[in-house]
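Colleague: Could you sit down with me and go through the reasoning behind the labels on this model?

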Amino acid sequence: MASEQSIVAQFPPELLAVICAHVYASGLPPPTTSLDPLLCADQPGIPTGLPSSFPPAYSSEAVVRRTLANLCQVNKAWYEAAKPWLWRKVEIRLPRSWLSIVEEVAGGDDEEVSDEQAALMVDQTLRSAETAALAAKTLIGESSGNDAALELHDKVLERLSGPDISIPPELLTPPASRDPSPRRLRTKSKSPARWKLMRSISVAVQDVMERAHPGIYVPPPHDPHPGRFVRHLDFNHFRTIGMRRLVEEGVNNRFVTGDRLVAVLKELPNLVVFGATEYMDGALTFPVLKEVLLRGSASRGRGRPSRGRDVVIPDPNDPEQEDLARRRECKDLEAIDLTGCVSGVFVSALSQFVNTFLLDHADADLNESEDERERRRTRTSKQVQEESLIFPGMRRLGLRGVKSLQPHILEPLVLAFPHLTHLDLSCTRITPKGLAALGTSPTVRLQSLALERCNWLTGESIREFLINAPAARDLRELSLYGDWTFPSPLTEDELRDIMQLAPCFRSGQLVYLDLSSAPITRDLLANACPPQPRLRSLGLSYIRTLELGAIADFLRTKASNVEVITLVASTPELGYGDRGVTSRQATIALHTHFVRPLCTPPFSFSLSSKPKPENPPTRLRVIELSPPLLTSLGAGAGTWRIIRSKGGRGWYVDTASAWVAQEGGSVLQRDLEPGHPWRVELEALADANGNVSSGIGWHARKMEILHGDGLLGREAGLYGAVAFAYQG
């Protein structure tokens, strides 16, 4: 044991960092998913092929975080290697944990205390950087005594006092020696970002040393704060329910406030993923939206002359210019999920953001006063005409359920992201004009699109977009879900044109498709729809007139790889047609005309030799049905059991079928033995009768935005409830 420890102790830091990176990567979902929830996480084994339900294709997040936390406690070398990966993804779950994050990342939310901490940090960083510089001078044979130290300190302070360094002068002197009157030499900048201060100090010291000794290298000062490591921040699991707080406390003493969120975001220069929910959307103020969206390329593009006019020199004493300069050095945001954010604070802030940065000032509100117009006209005349603000780094945008945004705010926002690959506009007020404008974009190449229950859209607008828009040519996941409350606007002729002419249908590359409540007929499935050999999850709910046999024939002949299908309130044979059907007749029809023909291998018999086992005609193993029909099925039949979600959805699942990783690849194995771990886990879910986590389910209704897994991705928390639990 001692020899093994000595060998590990000799590993270089780069190797330790690689090991920790692999630990973190073991918790990321693979590109090819099994469509199943993460079960059997405690079972040993590593999958040898994908997709894989058993062994699980990736480790649970709890296991990964616990492993990285344990590595941090081994020694200092492991701590330095594991800390960046432990902080890479931050999920806010409890109010007290959020306050701890604010304290650790931003130094708390007390403004005066933050200023004192910033001044102390600047002083300590200066000492550390100057000590490293003196050590570098010693290595080249120069003196590093007190006189040299004072000279270096004066030169660094002079460099930091220049106009191109964004450190307030009041922070360059210790708190005890400040002149109390005047307190500030310029307009106060709220809580300067600590990472920016440390970078400025490092650059200043390196510049001073480079001028005196060209080619000399001074190592940057150590930054103990974890904000620079965070790339992912979301509030998906955040709750305040059950804390026994008064209504007044919930209104006046919120945990997640705009000021605290801004303070944290300022310290996250490498943030690329942000997720918000309805439980904290009251904190999404205008300053928060600026900190989230105006990062990287978006800030670098503002203020640039578009026709060769003179460049306006920014005022170095303007706090807004300081924030703009700081945000320029941040990474571009790649994904943002705003599912369910409908508060008045958020809607007002986003409207202000769009009006300020995305809309032409010439199209200002006609109701504004003459004084406001004059101020706007004067301000515009003093500024250079700027280029249109776009967000080239954004790839994934989730606006599901943001119903309060009016089209004149929603559509300019969506069009400002020219390189989207994933877009969820379900349950929004997107209009045919806005969808057409999105379709004309030459740079948008959507892979996943959700237009569920968009009751402002017309069937013609959807048809034109899917057939003619370059943005829709590469679609692999498409949701046009509708129900009896908000049915699909498509007509039978429009749906026929889409199936025959849309590139995403003709290519056969669709893996997820939901056409619930659309007027699908046997003729459309048999003659209009091309084969879909890659289709794995299919939604055909709320279609009363579509025969069960027509669906079975389509799966058998054109979409044999479908594993999950939804038939909620569909087909006359299941009791949703014009003719009345008893619950007993519906359950018999389901097994006789659907389950048995599609999921049972064909019968073979031979007297001379053992017959070679054949595969079933399809890969079907999960069927979503309406709650009354699931109740009629009772305990199920054979290996088929009923698994209910945390909400109103439920599925009829073959518990003896799963993707099993084997030598040489992965196969969809049926008839698993009763003691198989996967079968045991599914039967436990069936026995739970809905008392399960929010991430249990199949055929997600919500697009997974943060990791980029799309409509085949898996989520927990509030996002998981929207994806798998909610019936509507």
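What follows is a conversation about why certain terms are applied to this predicted model.

Colleague: Let's begin with the whole chain. What does the chain have in the way of helices and strands, and what share of its residues is buried?

Modeller: The chain has 26 helices and 16 strands. Of its 728 residues, 51% are buried. The accessible surface comes to about 33,600 Å², and carbon and sulfur atoms account for 53% of that area.

Colleague: How do you know which contacts join residues far apart in sequence?

Modeller: We take the contacts between residues at least 6 apart in sequence and ask what share of them joins residues at least 24 apart. For this chain the answer is 76%.

Colleague: Happy with that. Now L293: why is L293 called buried?

Modeller: Buried means under 20% relative accessible area. L293 has 7% relative accessibility, so L293 counts as buried. This residue is found in helix α11, residues 286-293.

Colleague: Which residues does L293 touch, leaving out those up to four places away in sequence?

Modeller: L293 touches A298, L333, I336, F353, F391 and M394. Take I336: it is 43 residues from L293 along the chain, with 9.1 Å between the two C-alpha atoms.

Colleague: How can a contact fit with a separation of 9.1 Å?

Modeller: The two values refer to different atoms, because contact means heavy atoms within 4.5 Å. The 9.1 Å is for the C-alpha atoms of L293 and I336.

Colleague: Good. What makes strand β13 largely enclosed by the rest of the structure?

Modeller: Strand β13 covers residues 640-644, and 4 of its 5 residues are buried, so the rest of the structure largely encloses it.

Colleague: And why do you say that β13 pairs with β14?

Modeller: Two strands pair if there are at least two bridges between them. β13 and β14 (residues 650-654) are joined by 5 bridges and run antiparallel, so they pass that test. One bridge sets I643 opposite W651 in β14. A hairpin of 5 residues connects the two strands.

Colleague: On to the open spaces. What is the volume of the second largest pocket, and which residues lie nearest its centre?

Modeller: Its volume is about 920 Å³. The lining has 37 residues, and E61, H237, R714, E715 and A716 lie nearest the centre.

Colleague: Which element gives the most to the lining of that pocket?

Modeller: That is α3, with 5 residues. At least two residues each come from α3 (61-72), α4 (76-86), β1 (89-91) and α26 (717-725). By type, the lining of the second largest pocket divides into 16 nonpolar, 10 polar and 11 charged residues.

Colleague: H237 was named there. Is H237 buried or exposed?

Modeller: H237 has a relative accessible area of 17%, so H237 is buried, as the cut-off is under 20%. H237 is found in the loop between β2 (232-234) and α9 (247-252). Beyond its neighbours within four places in sequence, H237 is in contact with E91, I92, R93, A716 and G717.

Colleague: What makes a space a cavity, and how many cavities of 30 Å³ or more are there?

Modeller: A 1.4 Å probe must fit in the space but be unable to get out. The search finds 6 cavities of 30 Å³ or more. The second largest cavity has a volume of about 80 Å³. Its lining includes L35, Y512, W698 and R714, and divides into 8 nonpolar, 3 polar and 1 charged.

Colleague: Now the backbone. Why are some peptide bonds and phi values picked out?

Modeller: Most peptide bonds are trans, and most residues other than glycine have a negative phi. The bond from L50 to P51 is cis, with omega near 0°. The bond from F54 to P55 is cis too, with omega near -10°. P51 is in the loop between α2 (13-25) and α3, and P55 is found in the loop between α2 and α3.

Colleague: And which phi values are positive?

Modeller: Among them are phi of C427, near 60°, and phi of D671, near 55°. C427 sits in the loop between β6 (422-424) and α17 (432-439). D671 lies in the loop between β16 (665-669) and α25 (677-688).

Colleague: Are C427 and D671 buried or exposed?

Modeller: C427 has 13% relative accessibility, so C427 counts as buried. D671 has 65%, so D671 counts as exposed, since exposed means over 50%.

Conventions:
Residues are numbered from 1 along each chain as its sequence is written. This is a predicted model: local features need pLDDT of at least 70, side-chain atom pairs count only at pLDDT 80 or more; totals for chains, interfaces and linings use all residues. Side-chain values use heavy atoms; hydrogens and water are left out. On a 1 Å grid over the protein atoms alone, a cavity is a set of points where a 1.4 Å probe fits but cannot get out, and a pocket is an open set with protein on both sides within 12 Å along at least five of seven lines; lining residues have an atom within 4 Å of a point. Grid points are joined across faces, edges and corners, and a volume is the space filled by probe spheres set on the points. Helices (H or I, at least four residues) and strands (E, at least two) are DSSP runs, numbered from the N terminus. Ala, Val, Leu, Ile, Met, Phe, Trp, Tyr, Cys and Pro count as nonpolar, Asp, Glu, Lys and Arg as charged, and the others, Gly among them, as polar. Buried means under 20% relative accessible area, exposed over 50%, partly exposed in between (1.4 Å probe, protein chains only). Accessible areas come from the Shrake-Rupley method with a 1.4 Å probe; for residues, only the protein chains shown count as cover.
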